[in-house]
Amino acid sequence: MRDAYHEELDALTGRLVEMTRLVRSAISRATTALLDADLHLAESVISQDEEVNRIFAEVEATIFDLMARQQPVAVDLRMIIAALRMGTDLERMGDLAEHVAKIARLRHPDSAIPPEIRATILEMGQIAERLITKTGSCIASRDVESALELEADDDAMDKLHRRLFTILMAPDWKYGVEPAIDVTLIGRYYERYADHAVRVAHDVVYLVTGSRPADSNAF
């Protein structure tokens, strides 16, 4: 029975890694949809968010069942707590990718991104993909050192987010209020996506060490 119990715990890890793959694909496709005004791609991100939600529901159900049946302690309890937190953050990352795709859909057939900002948005999308790819590896390997390294990529995302505001507040901004609102929201979605990736990585640290990095609740 205990072997079956630990198999269920291992299965949680597999589902979380699967969620990282799905939300990575979602943010990649959402970025392309946004930059290319690709309605079909935007719709695919929006519709496929249900798959992320479905897996998270399975993770939740498994966790509650294990807590009721097994009353886990020590490392097993940390695994269950961390898995629930990770799943919550990953589900939210899927929602954020969906929000990006919805702006792409809203502005179709035009692009929501002015030419001067395209390179910044592209870079933000690339950083988001890099973060979630590393996050998935950290979950699978439980590598604390790699998990802590994600903060450097998050810092890069924060710099790009600030760059967007510099562009929006410049006297030569010529696109009006509506595009400014779109860009403000989009920048926030990418910045929050990165924050959630770092939160997941910090939960890996908690799982392995029993403690969290000092700033793990800062966002």
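## Val-23 and its surroundings

Val-23 has its place in helix α1, which covers residues 2-36, and in this predicted model the residue is buried, with a relative accessible area of 0%. Leaving aside residues up to four places away in sequence, Val-23 touches Val-52, Leu-90, Met-93, Gly-94, Ile-132 and Tyr-193. Asp-95 stands 72 residues from Val-23 in sequence, while the C-alpha atoms of these two residues are 8.8 Å apart in space.

## The chain as a whole

The secondary structure of the chain comes to 6 helices and 0 strands, and read along the sequence it follows the pattern α-α-α-α-α-α. The radius of gyration is 19 Å, close to the 17 Å that the globule rule gives for 219 residues, so the chain is as compact as a globular protein of that length. Taken along the principal axes, the C-alpha atoms fill a box of roughly 65 × 35 × 20 Å.

Of the 219 residues, 49% count as buried, and the accessible surface comes to about 10,400 Å², of which 54% belongs to carbon and sulfur atoms. Among contacts between residues at least 6 apart in sequence, 82% join residues at least 24 apart.

## Aromatic rings

The structure holds 1 aromatic pair, formed by Trp-173 and Tyr-175 in an edge-to-face arrangement, with 5.1 Å from centre to centre and 65 degrees between the planes. Trp-173 is buried, with a relative accessible area of 18%, whereas Tyr-175 is partly exposed, at 27%.

Another ring, that of Tyr-206, has the charged end of Arg-212 sitting over it, 4.2 Å from the ring centre.

Key. Residues numbered from 1 in each chain as written. Predicted model: local features only at pLDDT ≥ 70, side-chain atom pairs only at ≥ 80, totals over all residues. Heavy atoms only, no water. Phe/Tyr/Trp six-rings, centres within 6.5 Å; stacked < 30°, edge-to-face > 60°. Buried < 20%, exposed > 50% of the residue type's maximum accessible area, 1.4 Å probe, protein only. Lys NZ or Arg CZ within 6 Å of the ring centre and 35° of its normal. Helix = DSSP H or I, 4+ residues; strand = E, 2+ residues; numbered from the N terminus. Contact = heavy atoms within 4.5 Å. Rg over C-alpha atoms; globule rule 2.2 N^0.38 Å. Areas by Shrake-Rupley, 256 points an atom, 1.4 Å probe, with all protein chains shown as cover.
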